Amino acid sequence: MAFREKTLWVSLLATIAIWGWYFAHFLDALHKGEATLAGSAFHLVGAVILLVIVQIAATVVLAIAAPRAAQSPADARERDFDRSASSVAYVVSSVLFVLLLLAAPLLAELGPKLLPGDPASAVALLFANAI
């Protein structure tokens, strides 16, 4: 497996694991009625920082393990892999954006029911996590 392909796999797995943890925690707090805007923001920032640290560390480890591969220019196979990954990411992002637009009225309706004590923050919290 090429160096760039390994870094893409690490990026994908780290993204799934870290954001999976974040959303599991968010849904659990929401279910318990303990979700707050400040708490969600704190965990969001923590997840972003952790993701950056994990990806930098993994890239450094992979580069140390195979320094020649890390410094070599991308070959045709790697460029094709990058192109197809970008195409898939574009389609997924586009579909998710449309789904978010369709879900917006539901989120606006659902927010105050989930956190009745602070309906405005509840709607903001749901929209921020949906984005």
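Colleague: Is Glu5 buried or exposed, and what is its relative accessible area?

Modeller: This is a predicted model, in which local features need pLDDT (the predictor's confidence in each residue, from 0 to 100) of at least 70, side-chain atom pairs count only at pLDDT 80 or more, and totals for chains, interfaces and linings use all residues. Residues are numbered from 1 along each chain as its sequence is written, and side-chain values use heavy atoms, with hydrogens and water left out. Buried means under 20% relative accessible area, exposed over 50%, and partly exposed in between (1.4 Å probe, protein chains only). Glu5 therefore counts as buried, its relative accessible area being 14%.

Colleague: Which residue forms a salt bridge with Glu5?

Modeller: A salt bridge here is a side-chain nitrogen of Lys or Arg within 4 Å of a carboxyl oxygen of Asp or Glu. For Glu5, the closest N and O atoms of the pair are 3.0 Å apart. The partner is exposed, with a relative accessible area of 53%. It is Arg77.

Colleague: Why does the pair of Arg77 and Glu5 tie together separate parts of the sequence?

Modeller: Helices are DSSP runs (H or I, at least four residues), numbered from the N terminus. Because Arg77 lies in helix 4 and Glu5 in helix 1, the pair joins parts whose separation in sequence is 72 residues.

Colleague: What is the N to O distance between Glu78 and Arg4?

Modeller: Glu78 in helix 4 and Arg4 in helix 1 link distant parts of the chain, 74 residues apart. Glu78 is buried at 13% relative accessibility, whereas Arg4 is partly exposed at 25%. Their side chains meet in a salt bridge with an N to O distance of 3.4 Å.

Colleague: Which residue forms a salt bridge with Lys32?

Modeller: The closest N and O atoms of this pair are 3.2 Å apart. Both residues lie in helix 1, four residues apart, about one turn of the helix. The partner is partly exposed, with a relative accessible area of 36%. It is Asp28.

Colleague: Which helices each supply at least two residues of the largest nonpolar core?

Modeller: A nonpolar core is a set of buried Ala, Val, Leu, Ile, Met, Phe, Trp, Tyr and Cys residues joined through side-chain atoms within 4.5 Å. The largest has nine residues, including Phe26, Leu30, Leu107 and Leu126. Contact means heavy atoms within 4.5 Å, and Leu126 touches Phe26, Leu30 and Leu107, among others beyond four places in sequence. The two suppliers are helix 1 (3-32) and helix 5 (119-130).

Colleague: Which residues does Ile18 contact, leaving aside neighbours within four places in sequence?

Modeller: Ile18 lies in helix 1 and is buried at 7% relative accessibility. A second, separate core of five residues includes Ile18 together with Ala14, Tyr22 and Ala47. Its contacts are Ala47, Leu50, Leu51 and Val54.

Colleague: What area does the nonpolar surface patch with Val88 and Leu102 cover?

Modeller: Patches take residues with over 30% relative accessible area and no salt bridge, joining like charges within 9 Å and nonpolar side chains (Val, Leu, Ile, Met, Phe, Trp, Tyr) within 5 Å. Areas come from the Shrake-Rupley method with a 1.4 Å probe; for residues, only the protein chains shown count as cover. Among the members is Leu101, which sits in helix 4 (residues 76-114). The patch covers about 1100 Å².

Colleague: Which element has the lowest mean pLDDT?

Modeller: The protein chain averages 86, and 100% of the residues score at least 70. Helix 2 (residues 37-65) has the highest mean, 92. The lowest, 78, belongs to helix 5.
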